[in-house]
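I wanted to look up how some of the helices pack and how one sheet is put together. These entries keep to that.

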Amino acid sequence: MTRLRTELRAVGIDNFLRRNLSSQPTQMAPRLLGTVFGIDPEWLPDDAFHFLLLKKAIERASLKRQKLPQYNTIDDAAQLLRTRRNIMVITGAGISTSLGIPDFRSKNTGFYDKVKAMGLAEGEEVFDIHEFDHDPTKFYSLAGDILPDLKRFSPTHAFIKLLQDEGRLQTNYTQNIDNLEQLAGVDQARLIQCHGSFATATCRKCRHQVPGREIFDDIRAKRVSRCKSCLLNPTKPTVPSNPRKRRKGSTRPQRHVWEDSDDESDGAYDIPQPGVMKPDITFFGEQLPDTFFTRFSEHDCKAVDLVLVMGTSLKVAPVSEMSRYLPPQVPHVYVSREPIKHVNFDIQLLGDCDHVAFELCRRAGWTLKHAMIPDGFKVKVKPVEGSGEQWRVLPRESNKKSGAVTPASRAGTPGSLRASPSPLKVKASVREASRSPRPPAIGKNDGELRPFYEKYLGKA
Ligand SMILES: [Zn+2]
């Protein structure tokens, strides 16, 4: 595989195909080559379709980032932090779980059990815009469970703020909707909330936007929040709020059943109904915020000189695709509980994000101050066997002996730190699966995302 990748980079896709796809007995059969590039060998489409997929898979492989050999250790990472000035930080659920915020998309939080008890087949339905417009009570009866308390942020959030204070934070792209980056003091201008957040809420009818906290009481009381602007201006024109078509095969009525309007009445006694407020988190069926693409293409992709990924397994587009559009010499550092393979990182620091952030700061000559980091806190760093760039970062036993409360001891089970697929990804894969019984193992999100990047970056 390494030999093939090297060859691919050296000769380009077309020459690579010419050299490797042939009837010559010394060369590789197309289906074997397909297996090398991730196409299921048991899947037997016709040759033309297989070739199309193979070409796409090879294109994808040719875009995959290559590891830089000069960066390998935690000290290399600390040195990079100290010397780079335009750091892109990509974050996910793992940076908030030490606060006890459940990764509500993972199966073992109890959230999904509640969803099932409400008669919804899938947890994702709570975050489906069509479901919401059809019946917002389901979302409102569950949203209290995922509402951030907005009083605490984690040491990792403090670390991102520290990078900003040191003048090194280019942009923080977060997949989290808890808005704790803002609580920690990360500048709004340097923060991209890829999946939106609870920071604001918008009326589904008139698009009136309010600070998110104005609807928190309703969310906590499990009461559907109504738009005050609609109430004050009942004649305001309504804005179509549902740009995409409904899913095929849906038998649901188009009319919103929760609206009290009655087509059969003569209208004489109708009271105009205010619209429903929705937190500005990105639901299934909604576009990602434009700010993501604009910020990445116009500000970041040429300026970034270090990428730091924390607390996410990077399985979710669009963040999973970003490294492919950055210059190849930009170093990439990964911080999470478990290693990842589908993106080549230069350094992987495996442990609680809070612990790794603490140690990176210490080695960079900074102090990360946070109530959850006790005085005298120490970690040990051990190499992962068989790997030159992976390191386990664990709290020292002495922390426990001295009675110190470590961030880890407040965290949930080890599994709770694992980032899980976002609604966007889950839905995409569900749709994909319903279309094709055996989806090829290549770029499931490409169709949706590549056009955006291509538009902004002019890449083929
Ligand atoms: Zn309204």
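The entries below cover two helix pairs and one sheet.

Entry 1, the model. I noted before anything else that I was working with a predicted model.

Entry 2, α2 and α4. I looked up helix α2 (residues 13–20) against helix α4 (residues 47–63) and found that their axes come within 11 Å and cross at roughly 125 degrees. I therefore entered α2 and α4 as oblique to each other, and I recorded the crossing of α2 past α4 as right-handed. On the α2 side I listed I13, F16 and L17, which meet K55, I58, E59 and S62 of α4. Sorted by class, the residues of this contact come to 4 nonpolar, 1 polar and 2 charged.

Entry 3, α9 and α14. I then turned to helix α9 (residues 155–165) and helix α14 (residues 353–364), whose axes lie 8 Å apart and pack at an angle of about 35 degrees. Here I recorded a left-handed crossing of α9 past α14. The contact brings P155, T156, F159 and L162 of α9 to C353, D354, A357, F358 and C361 of α14, and I counted by class 7 nonpolar, 1 polar and 1 charged residues in it.

Entry 4, the sheet. I traced an open sheet of 3 strands in the order β5-β4-β6, with antiparallel pairing. Because β5 (209–211) and β6 (277–281) stand at the edges with a single partner strand each, one side of each is left without a neighbour in the sheet. From one strand to the next, the twist averages 40 degrees. I followed strand β4 (residues 196–203) along β6 and found antiparallel pairing over 4 bridges; for T202, I noted K278 in β6 as the bridge partner.

Definitions and conventions:
Residues are numbered from 1 along each chain as its sequence is written. This is a predicted model: local features need pLDDT of at least 70, side-chain atom pairs count only at pLDDT 80 or more; totals for chains, interfaces and linings use all residues. Axes are lines fitted to C-alpha atoms, for helices over the stretch in contact, and angles run from 0 to 180 degrees between N-to-C directions. A crossing is left-handed if the near helix is turned anticlockwise from the far one by less than a right angle, and right-handed if clockwise. Two residues are in contact if their C-beta atoms, placed from the backbone, lie within 7 Å. Ala, Val, Leu, Ile, Met, Phe, Trp, Tyr, Cys and Pro count as nonpolar, Asp, Glu, Lys and Arg as charged, and the others, Gly among them, as polar. Two strands pair if DSSP finds at least two bridges between them. Angles under 35 degrees count as roughly parallel, over 145 as roughly antiparallel, 65 to 115 as roughly perpendicular and the rest as oblique.
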